[in-house]
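Grab your viewer and work through these short exercises. Each one has a worked solution right below it.

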Amino acid sequence: MSKRFYITTAIDYVNGQPHLGHAYEKIVADVIARGRRSLGQEVFFLTGLDEHGQKVQRSAQAEGKPPQVYCDELAGVWLNFVRKLGISNDDFIRTTQPRHKAVVQALLRKLHDQGDLYKAPYRGWYSWKEETFLTDKDRRPDGTFDPAWGEVTELVEENWFFRMSRYQSWLIEYIQDHPDFVHPPSRRNEVLSFLQSRPLEDLCISRPASRLSWGIPIPFDPDYVNYVWFDALTNYFSVPAAHGDPAALAALKGYYQPDPVPEAPLELWPADIHVIGKDIVRFHAIYWPIMLHAAGIEPPRQVLVHGWWQKDGQKMSKTTGNVVDPVAVIDEWGVDAFRYYVLRELDIGPDGNWTDAGFRARYSAELANALGNLVHRTLSMLHRYRNGVVPAPHAELEPEATRVITEVRTCLEQNRLQDALISIWSLITRANQYIDHTTPFKLAKDPAQSGRLDQILYNLVETVRVVAVLLWPFLPTTAARIHAQLGFQGEPDRLATAAWGGCPPGHTVGKPEVLFPRKEG
């Protein structure tokens, strides 16, 4: 048994609706996962849902449904969304699943036994109408709370706390010693600046069951339920534990045993990459590694942080209608067009800006014209001039193809997804220019140029094959369609097969089909 490359997205709050940010995060993680598979690695890709908490409990009550029924219905929406995006996840975690609850409670028991959890008064401003604690961020400029919160009073109640503060110096040193732990570097610098500028407070991890019943019970104090982060963050670890991961089981020895015991355990931990949005960096880069370290568990290897999307230069808002509905875009344009735009438009790290005009422009110029035309023209000429039969190998475009293959391999290893697409499209552009410069349609009229025409046709069909392999992590449906049109079986899912010369002479290609239909208007 060898460790698999283990990648996760953040888990989505079941009470919300899928939006562009959710789609982007899942697609980024999916491309990284597929890219690693293409490089020959075994991969385990996890996504899922956060289903506990006050909002879920209140919404379920408003609809007259038990919370679990309410969550089950919404989970179907999110599962369909994942399928719609073409996500290749290996597991889907729901925090209401018994396998997750068991690991959360085991972790809490271990930390309690070693003295990392304690009970103390919790003080905060509380909205009785909304049943939630408020912070200074919720105050208006004059220091008061908006009337929409209803009556706000200072509430003091007993709760359980995690001694997070005792591990602050350890985390500072860990981040300094592991420069890739938080990426990009700007986010790492933010985390370090935060840790070095103030003392960490201990983390309140419970709510009284009398006020919030929809949560995982504290195993050593049934009057309380676990609240938010020990529940949500632990999902990344509970799945490896449930799959029998040796590191997870060793860390929880005496506290947890998977039920049922897996027949084929998976070696997953530590996670190689957590893909998250910039709004939850602190929880993943501070709370989570400290929680793990306190329990004697190795931290994840990297927290990879992406930015947010705007639309037309403004924050997205349902109120103003300034939103992008990923499902609507996919239904109209196709999933790979959507995947291509968000990956090509936005590098991992900065914020991005969606414009409908920009989407149309990339679709037309880069997908329909550049890629679509190259495939269609190549296969059409091969059928017209050689009855669809591949001629003898030739290597005129091999140097360009080899350069791009090398670049894409490096980009996949470094999670530089936008750069990889730019490199792939440089090869597509080169092949289209090659057609324009060599004019095979003119050479076909001169029998004396038959040998030269064979050379050109081979270079084009082999370039198209290489492009299909390179595109698979990014546009898997399109890559598979190109591969099938070339007359090959299976998926072009291994980068090693991109090496020049994989299209054998005498092979018969299929008929071209339109990959990206042109859109009017």
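**Exercise 1.** Work out which residues of α1 meet which residues of α12 in this predicted model, then describe how the two helices pack.

*Solution.* Start with the contacts. On the α1 side you should find L20, A23, Y24, I27, V28, D30, V31 and R34, and on the α12 side F338, R339, V342 and L343. Sort the contact residues by class and you get 9 nonpolar, no polar and 3 charged. Now the geometry: two packed helices are described by the angle between their axes and the distance between the axes. For α1 (residues 20–38) and α12 the angle is about 90°, and the axes lie 10 Å apart. Angles of 65 to 115 degrees count as roughly perpendicular, so α1 is roughly perpendicular to α12.

**Exercise 2.** Decide how far α12 is enclosed by the rest of the structure.

*Solution.* Go along residues 335–345 and check burial: 10 of the 11 are buried, so α12 is largely enclosed. The buried set is V335, D336, A337, F338, R339, Y340, Y341, V342, L343 and R344.

**Exercise 3.** Is S38 in α1 buried or exposed, and what does S38 touch?

*Solution.* Buried means under 20% relative accessible area. S38 comes in at 2%, so S38 counts as buried. Leaving out residues up to four places away in sequence, its contacts are W472, P473, D493, R494, L495 and A496.

**Exercise 4.** Characterise the second largest pocket by its volume and lining.

*Solution.* The volume is about 250 Å³. Next, the lining: 15 residues, with H183, Q302, L304, Q414 and N415 nearest the centre. By class, the lining splits into 5 nonpolar, 4 polar and 6 charged residues.

Notes:
Residues numbered from 1 in each chain as written. Predicted model: local features only at pLDDT ≥ 70, side-chain atom pairs only at ≥ 80, totals over all residues. Heavy atoms only, no water. Buried < 20%, exposed > 50% of the residue type's maximum accessible area, 1.4 Å probe, protein only. Helix = DSSP H or I, 4+ residues; strand = E, 2+ residues; numbered from the N terminus. 1 Å grid on protein atoms, 1.4 Å probe; cavity = no way out; pocket = protein on both sides within 12 Å on 5 of 7 lines; lining within 4 Å. Points joined across faces, edges and corners; volume = space filled by probe spheres on them. Nonpolar A, V, L, I, M, F, W, Y, C, P; charged D, E, K, R; others polar. Axes fitted to C-alpha atoms, helices over the stretch in contact; angles between N-to-C directions. Parallel < 35°, antiparallel > 145°, perpendicular 65-115°, else oblique. Contact = heavy atoms within 4.5 Å.
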